[in-house]
Amino acid sequence: MLAETVKYLLGSAGPSGFGSTSTADDVTAAANHLGAITAIITGATSGIGFETARALAARGARLILPARNPDAAEEVKSRIAGGGQIIILPLDLGSFSSIRSFVSQFLALGFPLNILINNAGRFAYDQAESEDGIELTFAINFLGPFLLTKLLLEKMVVSARETGIEGRIVNVSSFCHRWFSGDPLGYLRLLAAGEVRYNAARAYGLSKLALVMHSKELARRLEKMGVNVTVNSVDPGITRTRLNRDREGLLLDMTFFLASKFVKNIHQAAATTCYVAVHQAVAGASGKYYADCNESAAAKSAASGEAAAQLWIEAEAMIADADLDGSESDPAGKQ
Ligand SMILES: NC(=O)c1ccc[n+]([C@@H]2O[C@H](COP(=O)([O-])OP(=O)(O)OC[C@H]3O[C@@H](n4cnc5c(N)ncnc54)[C@H](OP(=O)(O)O)[C@@H]3O)[C@@H](O)[C@H]2O)c1
């Protein structure tokens, strides 16, 4: 642990040749093939998602940027200088109907889909429910991306086959997935019944743990399908963004000041996502967890394949109303 911390602080390169101080531009420097790539990046209106979008656009990728506030996204688009096309579409990950509508609009454009980066997320101090009646942090951080990925999967499989380019799904998790252990859905049921009190850190950790477990289960299904699409989860590291927007102020400023040695700048925080999304060294890797641009170990609580498979089944049950039974749009559902 001490050795890991020292390595982090020094920014020493790991086996990949990159480390905690590598930037999004460093890891994409050799990615000359992005002119042929179409990528969806959620949560690009701010923070890590914006920097991820900027770095991939700089290499010529065509970007689809879903946003719940399309006007804000248009402003963001004007700040991303790059050769590739950028298209903004409305999406609220806390709403199943919005997700379905986004997918229809994207598919109607007729583009391939090579990269899906599930980056959008929230950390909230107050308990809330989505319009579908689901705890909102879980809905936005896990269940929304789960549904989005399922609905886009066939497009990714076909795109990989037709373009010969490996499809990659990157789920932006967090080291905070270690904050939760136990039965995720059991906890949510207790929360809904008012039998446990909402705890922001636990709710956030739970959603990020679910994302790591989901990546493992989806990787297993993709391998069984024999398709050229991979999925991995990443920890970007700590960085100052709008994630703590509920509690902006002096206390947060001081916390970040005191922790400044451990805090990455935004260029460093987007590096692991970009590395896993486009670097050649990651080709074929699936179901893995990355931090500081290197493969890393996720929490033991994310290790059980049985629990990950069960989570998948329960997530499907939670979105049963979302009309997911169409076999055309749900290729992984039967694996
Ligand atoms: N910052 C860190 O230290 C840190 C550490 C570990 C992991 N992460 C993860 O990194 C990812 C990016 O976070 P960040 O730090 O860059 O935070 P951020 O600056 O708050 O960005 C979050 C993004 O997610 C979008 N978003 C939130 N709720 C949404 C919804 N319902 N539908 C669609 N988009 C929504 C936001 O859009 P709006 O502009 O509309 O709000 C924004 O673009 C998150 O998954 C976060 O959990 C961050």
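In what order do the eight strands form an open sheet, and is the pairing mixed or uniform? The order is 3-2-1-4-5-6-7-8, and the pairing is mixed; strands (E, at least two residues) and helices (H or I, at least four) are DSSP runs numbered from the N terminus, and two strands pair if DSSP finds at least two bridges between them. The structure is a predicted model, in which local features need pLDDT of at least 70 and side-chain atom pairs count only at pLDDT 80 or more, whereas totals for chains, interfaces and linings use all residues. Residues are numbered from 1 along each chain as its sequence is written.

Strand 3 (86–90) and strand 8 (294–296) stand at the edges of the sheet, each with a single partner strand, so one side of each lacks a neighbour there. From one strand to the next, the twist averages 25 degrees. Strand 1 (residues 38–41) runs parallel to strand 2 (residues 62–67), joined by three bridges, and Ile 40 stands opposite Ile 64 in strand 2.

Strand 6 (residues 229–235) is mostly covered, with seven of its seven residues buried; a residue is buried if 20 or more other C-beta atoms, placed from the backbone, lie within 10 Å of its own, exposed if 12 or fewer, and partly exposed in between. Val 229, Val 231, Ser 233 and Asp 235 point one way from strand 6, while Thr 230, Asn 232 and Val 234 point the other way. Strand 6 pairs in the parallel sense with strand 5 (residues 167–172) over six bridges, Val 229 being the bridge partner of Gly 167. Its parallel pairing with strand 7 (residues 289–291) comprises three bridges, and Val 234 stands opposite Tyr 290. Helix 8 lies across strands 5, 6 and 7, running at about 165 degrees to strand 6; angles run from 0 to 180 degrees between N-to-C directions of axes fitted to C-alpha atoms, for helices over the stretch in contact.

In helix 12 (residues 305–318), the buried residues are Ala 308, Leu 311, Trp 312, Ala 315 and Met 318. These fall within an arc of 125 degrees seen down the helix axis, so they line one face of helix 12; the arc is that of the directions from the axis to the C-beta atoms. On the other side, Glu 306, Ile 313 and Ala 317 are exposed. The cover of the buried residues includes helix 6 (136–163), helix 7 (184–192) and helix 8 (200–225), contact being defined by C-beta atoms, placed from the backbone, within 7 Å.

Terms used. Contact = placed C-beta atoms within 7 Å.
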